[in-house]
Amino acid sequence: MPDGIRIPTLQQHYLDAQEDTPLPIWRPEAYFKYTLTAELDTEEILRLLELFRSCLLGKRAVQGVVKHTKDNIHEFQRDTYQLGILTLNLGHINRVPFIGGCSKFPKWVRTDINHRVLPHLVFRNAAHIVCLCEASDDYGGIAVHRKLAKEYGMIGMVVHPSIQSQSLAIFIRGDHDVGSFIELLGHHQIETGNKTNPFWILHGAIFRLCHGQNTSGEFVDPSTGVRIPKPDVEKNVESMVHQHCRPLATIRWTFLIIQFVKSMAMMILQFQVLMYAK
Amino acid sequence: MNPGADTHDVRRLLLAECRLAVFHISSYAWSHAYQETCQKWLNFIASSVEHQCDFLSGDGNLFAQQSFKSDDHSDFRTSILIDILERFLQQINLHRSPINRITYNVVSSTTAADYIRSMSGDDADCDSMILISLCYGKQIAVTEARAKEDSASADGFSGSAFSDEILLNDVEQLKHLLPYDVGLAEKDCAWHSPLITFAQLKSLKNMRIRSRESEDKRREKWMQRNQGYLEK
């Protein structure tokens, strides 16, 4: 690394310092030991957090070819032959980061939940679908990072169990505006049946995921595989993917609560209209 | 365009929608509820097949690493989760025509080096995140490919359900990440290696989606080569 630079930039880390072969991964000294004489300044700290958060993208974080965000969501709403799936179990998602494996970040990093690293790993990657085990923790789990998901052009669903196991979550590239959706088809929460002190053994959820509409303005010619401008054809409504009109699995109580809240809101609204009329 | 297909949905892996099961099996269950967990896993995969799930993904803990408690060495391909899945699909395939059979493929977050070590019976640091793909032949390309195959199952023997009809390409580099790379404490053991996988149909293996510009460039290149051959 050039003199005076303690924390490399993404460019220096993922492109300049790497060899042509994919392995081994080069790592700066600050990754292993924090014996720097002077404290890291704010810019260096933010740069280090960016390095941590980009580790699933690698050099593509610099090249910018697969960095999905809400701004370029329409570029990725197009057909692909491949489907990328990321399977994660990172433990408690809101864990405080460390420098060099043991040194603490300054207090302003530790106390602000927006300066975490692990939630970014869920969204900052090249996958179309992300499956997350252990999606909950004492700080709200992954669900508190809804804005982050939106920022990276993803929608998700977190399934909380009524047993003692951790929550599961799933995320897909897309947005409700372009027709992407997630449905819960089945929920399996299983505890031991023949123990004096039952404990959970399996937690599973079955999802239906729709990628949404093609808004890129391009179609793939099925005979040649070449992307062509969108032809002027009418939408085939009969064969398009439809969302079910009501929740499907194990969320009967949630559904009833929503119905109750809806009816209460209607009553309040009617009452207000009556008062206004008087 | 196929008149029966919708032209406005995004298709990945030739599907506008996919179904995916996420699971997490307790590590405590390996030593205290092995048999019951195996039974429940069977129920779970039966439910997943009933819902036509294309992928099963999650943390199988020791169930995704070993076959039996007494085994010293196993690997994710012969683990009890896959063993049960294999036997379940074999039974289903016995009652299906070859063209409608269900096949599976699997990848794990275990590094290649550790997988080889475990295969040869040495101690290996295996990881437990797995991704299983189930192929029902939903895509026309798969059905066509199956129709061209010579089948050994016409006489009732269906063989192994394992197949690479769906190719699973996992990224090896991410399996080598250390706690330092993600800013965790060096003794942090509460996380598993990320498993990123790109699924692709074998029948589309050598096919590429190209932009108009790259297709023109490719054609031009081949025309130049052909011209060169003619001149020779």
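Here are some numbered notes on this two-chain structure, which is a predicted model.

1. Let's start with how far to trust chain A. Its pLDDT averages 83, and 81% of its residues score at least 70. Which elements of chain A have the highest and the lowest mean pLDDT? Strand β4 (residues 129-133) takes the top spot at 97, while helix α8 (residues 252-277) sits at the bottom with 60. Watch out for residues 251-256 of chain A too: pLDDT stays under 50 there, and the model has 4 contacts beyond four places in sequence for that stretch. Where pLDDT is low, the predicted coordinates should not be read in detail.

2. Now look at where the chains meet. Chain A puts 78 residues into the contact and chain B puts in 70. On the chain B side, β1 (17-25), α1 (28-32), α2 (34-50), β2 (55-59), β4 (129-135), β6 (195-201) and α6 (212-231) each supply at least two residues. Which of the elements gives the most to that side? That would be β1(B), with 9 residues. As for chemistry, the chain B residues touching chain A split into 37 nonpolar, 18 polar and 15 charged.

3. β1(B) deserves another look, as it pairs with a strand of the other chain. Strand β8 (residues 200-210) of chain A and β1(B) run antiparallel, joined over 9 bridges. To find the spot on screen, pick A:G204: its bridge partner in β1(B) is B:F23. Strands of a sheet pair through backbone hydrogen bonds, either parallel or antiparallel.

4. Zoom out and you'll see the sheet that this pair belongs to. Going across, the order is β7(A)-β8(A)-β1(B)-β2(B)-β4(B)-β3(B), an open sheet of 6 strands with mixed pairing. At the edges are β7 (181-191) of chain A and β3 (103-108) of chain B, each of which pairs on one side only. From one strand to the next, the twist averages 15°. Further in, β2(B) and β4(B) are antiparallel and share 5 bridges, and there B:D59 faces B:M129 of β4(B).

5. There's a helix lying over this sheet. α2(B) crosses β7 and β8 of chain A as well as β1, β2 and β4 of chain B. Its direction makes an angle of about 10° with β8(A).

6. Compare that with another helix of chain B, α6. Is α6(B) largely in the open or covered? The number of buried residues among its 20 is 0, so α6(B) lies largely in the open. Its length also checks out: at 1.5 Å a residue the expected span is 28 Å, and the end C-alpha atoms of α6(B) are 29 Å apart, which agrees.

7. Back to β4 of chain A, which is mostly covered: 5 of its 5 residues are buried. In a regular strand the side chains alternate between the two faces of the sheet. Here A:I129, A:C131 and A:C133 point one way, A:V130 and A:L132 point the other way, and all are buried. β4(A) has neighbours to look at as well. Strand β1 (residues 83-89) of chain A runs parallel to β4(A), with 5 bridges, and strand β6 (residues 168-173) of chain A runs antiparallel to β4(A), also with 5 bridges. A:C131 is a handy landmark: A:T87 stands opposite A:C131, and so does A:I170 in β6(A).

8. Two backbone oddities in chain B are worth a click. Most residues other than glycine have a negative phi, and most peptide bonds are trans. B:L13 isn't a glycine, yet its phi is positive, about 60°. You'll find B:L13 in the segment before β1 of chain B. Its surroundings hold 23 other C-beta atoms within 10 Å, so B:L13 counts as buried. B:N61 is the other one, also not a glycine, with a positive phi of about 45°. It sits in the loop between β2 and α3 (80-94) of chain B. B:N61 has 21 C-beta neighbours inside 10 Å, so it is buried.

9. One last stop is B:D125, in the loop between α4 (112-119) and β4 of chain B. Is B:D125 buried or exposed? It is exposed, because just 10 other C-beta atoms lie within 10 Å. Have a look at B:T110 while you're there: it is 15 residues from B:D125 along the chain, and their C-alpha atoms are separated by 7.6 Å.

Technical notes:
Residues numbered from 1 in each chain as written. Chains lettered and ligands numbered in written order. Predicted model: local features only at pLDDT ≥ 70, side-chain atom pairs only at ≥ 80, totals over all residues. Contact = placed C-beta atoms within 7 Å. Helix = DSSP H or I, 4+ residues; strand = E, 2+ residues; numbered from the N terminus. Nonpolar A, V, L, I, M, F, W, Y, C, P; charged D, E, K, R; others polar. Pairing = 2+ DSSP bridges. pLDDT = per-residue confidence, 0-100. Axes fitted to C-alpha atoms, helices over the stretch in contact; angles between N-to-C directions. Buried ≥ 20, exposed ≤ 12 C-beta atoms within 10 Å, placed from the backbone. Expected span 1.5 Å × (residues − 1).
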